[in-house]
Amino acid sequence: MSASKTFYCLRCQHRFQAEHEPKKIVERSCPKCGSNSVRLETAMAAEALRRGREGGLVYAEDGTENSN
Ligand SMILES: [Zn+2]
């Protein structure tokens, strides 16, 4: 099973949708700049973005998303 999730590039801040399988580590690269510094955008990170906070954004490593 897989689901489409939002990923976030740490290098160019590009956000994109990609299939994500829980518990499966997949090496990803940014479709825009080619960097492999891509993180899964968690609900916490999305909320922080909505609030416009700076310096406190938390991005989980791919496959290690914490869900309460
Ligand atoms: Zn990028």
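In this predicted model, Thr6 has a bridge partner across in strand 2, and that partner is Gln17. A second pairing of this kind involves Tyr8, whose bridge partner in strand 2 is Arg15. Both belong to the link between strand 1, which covers residues 3-9, and strand 2. Altogether 6 bridges join these two strands, and they run antiparallel. As a general point, the strands of a sheet pair through backbone hydrogen bonds, in either a parallel or an antiparallel way.

Now let us step back to the protein as a whole. How many helices and strands does the protein have? There are 3 strands and 1 helix. Reading from the N terminus, the elements follow the order β-β-β-α. The chain holds 68 residues, and 10% of them are buried. Of the contacts between residues at least 6 apart in sequence, 30% connect residues that are at least 24 apart.

The 3 strands make an open sheet with antiparallel pairing, and their order across it is 2-1-3. Strand 2 (15-20) and strand 3 (38-40) are at the edges, and each has a single partner strand, so one side of each has no neighbour in the sheet. From one strand to the next, the twist averages 45°.

On to the other pairing in this sheet. Strand 1 and strand 3 are joined by 3 bridges, again in the antiparallel sense. Which residue of strand 3 is the bridge partner of Phe7? That residue is Leu40. With Thr6 and Tyr8 bridging to strand 2 and Phe7 bridging to strand 3, you can follow strand 1 along the model and look to each side in turn. While you are there, a general rule is handy: in a regular strand, side chains alternate between the two faces of the sheet.

Next comes the core. The largest nonpolar core is made of 5 residues, namely Phe7, Tyr8, Cys9, Cys30 and Val38. Strand 1 gives the largest share of this core, with 3 residues. In soluble globular proteins, nonpolar side chains tend to be buried together.

Between strand 1 and strand 2 the chain makes a hairpin, with 5 residues between the strands. Gln13 sits in this loop. What is unusual about the phi of Gln13, given that it is not a glycine? Its phi is positive, at about 65°. For comparison, most residues other than glycine have a negative phi. Is Gln13 buried or exposed? Gln13 has 10 other C-beta atoms within 10 Å, and because a residue with 12 or fewer counts as exposed, Gln13 is exposed.

Follow the chain into strand 2 and you will meet Glu19. Glu19 has 9 other C-beta atoms within 10 Å, so it too is exposed. Which residues does Glu19 touch, once its neighbours within four places in sequence are left aside? Glu19 is in contact with Ser2 and Ser4. Ala3 is 16 residues away from Glu19 along the chain, yet their C-alpha atoms are separated by 5.3 Å.

The loop between strand 2 and strand 3 is the last stop. Pro22 has its place there. With 12 other C-beta atoms within 10 Å, Pro22 is exposed. Pro22 and Ala3 are 19 residues apart along the chain, and 8.6 Å separates their C-alpha atoms. Glu27 lies in this loop as well. It has 7 other C-beta atoms within 10 Å, so Glu27 is exposed. Measuring C-alpha to C-alpha in the model, Glu27 is 9.5 Å from Ser37, a residue 10 places away in sequence.

Definitions and conventions: Residues numbered from 1 in each chain as written. Predicted model: local features only at pLDDT ≥ 70, side-chain atom pairs only at ≥ 80, totals over all residues. Pairing = 2+ DSSP bridges. Helix = DSSP H or I, 4+ residues; strand = E, 2+ residues; numbered from the N terminus. Axes fitted to C-alpha atoms, helices over the stretch in contact; angles between N-to-C directions. Core = buried A, V, L, I, M, F, W, Y, C linked by C-beta atoms within 7 Å. Buried ≥ 20, exposed ≤ 12 C-beta atoms within 10 Å, placed from the backbone. Contact = placed C-beta atoms within 7 Å.
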